Amino acid sequence: MNTWIKEQLELQREPQFQKFTASLLPGIEDILGVRLPTLRKMAQQLAKGDWQTYLQSACDDSFEEIMLQGMVLGYAKGDLQVKEPFLRAFLPKINNWSVCDSTCSTLKLAKTQPEPFWDFLLEYLHSSQEYDVRFALVQMLDYYVNEDYLARVLEAIDSVNLPFYYVQMAQAWAVSICYREFPKETLPFLKENHLDDFTHNKALQKITESLKVPKKAKAYIRTLKRNSD
């Protein structure tokens, strides 16, 4: 299995795309340069087979091989109870925003088991590891910004206080999605929260960059910016 994967990745790698990907992921090594649509097709194929055996013996030799594991976890059939041990084994391997966010967009347990998966995410939300927390936050902004969970999502965002860039950016992103979908309900949070100044101001910036927010609302949002010395 791993031999086949390595052969396929070697066939599909593109030197120019490798340079582009590396420029987006500073500090990440072993990037082959395989495009995401290609990885998704491979992951879908792997997920149709004995995905559990694959994940138990999967190689972590490249960025793409780790990305594949996250995608297979998303595409494979099975509920949280089936996937949980594999997910727990996989999450410590995440060391960049790309693998984190692509895994989140593929793994849709929140749609079928929102409450059990929410409890699972809360455990990782309070981790001290940057990408554990980002994983929880991106899952929340992807699947939980709705009437049932909005208050809990805002509370979760507010409870995180880790000085990691990719955590702070996920918090800001999540706040902007909450405002975009529920402006009236999210506005009080923008006026009073426990986010550090950098994250708070990034959230405002993301809101004002959204094409779905009216100009008049953007003008008011800008008045909420904090002046940090």
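This passage walks through the main nonpolar core, a helix pair that shares residues with it, and one buried glutamine in a predicted model.

Start with the core. The largest nonpolar core holds 80 residues, and the members touching the most other members are F117, F135, Y144, I157 and L190. Helix 10, spanning residues 130-143, supplies the largest share of this core, with nine residues. Leaving aside residues up to four places away in sequence, F117 touches L80, L87, L107, L109, A110, F135, Q139 and Y144. Two of the core residues with the most contacts to other members, F135 and Y144, thus turn up among the neighbours of F117.

Next comes the helix pair. Helix 9 (residues 114-125) packs against helix 10 at an angle of about 145°, and their axes sit 7 Å apart. The crossing of helix 9 with helix 10 is left-handed. On the helix 9 side, the contact is made by F117, W118, F120, L121, L122, Y124 and L125, while helix 10 brings in D132, V133, F135, A136, L137, Q139 and M140. By type, that contact breaks down into twelve nonpolar residues, one polar and one charged.

Then there is Q69, which belongs to helix 5 (residues 63-75). Q69 counts as buried because its relative accessibility is 1%, and the cut-off is under 20%. A polar atom of the Q69 side chain lies 3.1 Å from the backbone oxygen of C59. C59 also appears on the contact list of Q69, along with Y54, L55, A58, D60, F90 and K93, again not counting residues up to four places away in sequence.

Key. Residues are numbered from 1 along each chain as its sequence is written. This is a predicted model: local features need pLDDT of at least 70, side-chain atom pairs count only at pLDDT 80 or more; totals for chains, interfaces and linings use all residues. Side-chain values use heavy atoms; hydrogens and water are left out. A nonpolar core is a set of buried Ala, Val, Leu, Ile, Met, Phe, Trp, Tyr and Cys residues joined through side-chain atoms within 4.5 Å. Buried means under 20% relative accessible area, exposed over 50%, partly exposed in between (1.4 Å probe, protein chains only). Helices (H or I, at least four residues) and strands (E, at least two) are DSSP runs, numbered from the N terminus. Contact means heavy atoms within 4.5 Å. Axes are lines fitted to C-alpha atoms, for helices over the stretch in contact, and angles run from 0 to 180 degrees between N-to-C directions. A crossing is left-handed if the near helix is turned anticlockwise from the far one by less than a right angle, and right-handed if clockwise. Ala, Val, Leu, Ile, Met, Phe, Trp, Tyr, Cys and Pro count as nonpolar, Asp, Glu, Lys and Arg as charged, and the others, Gly among them, as polar. A polar contact is a pair of N or O atoms within 3.5 Å; within protein, one must be able to donate a hydrogen and the other to accept it, and residues adjacent in sequence count only if both atoms are side-chain atoms.
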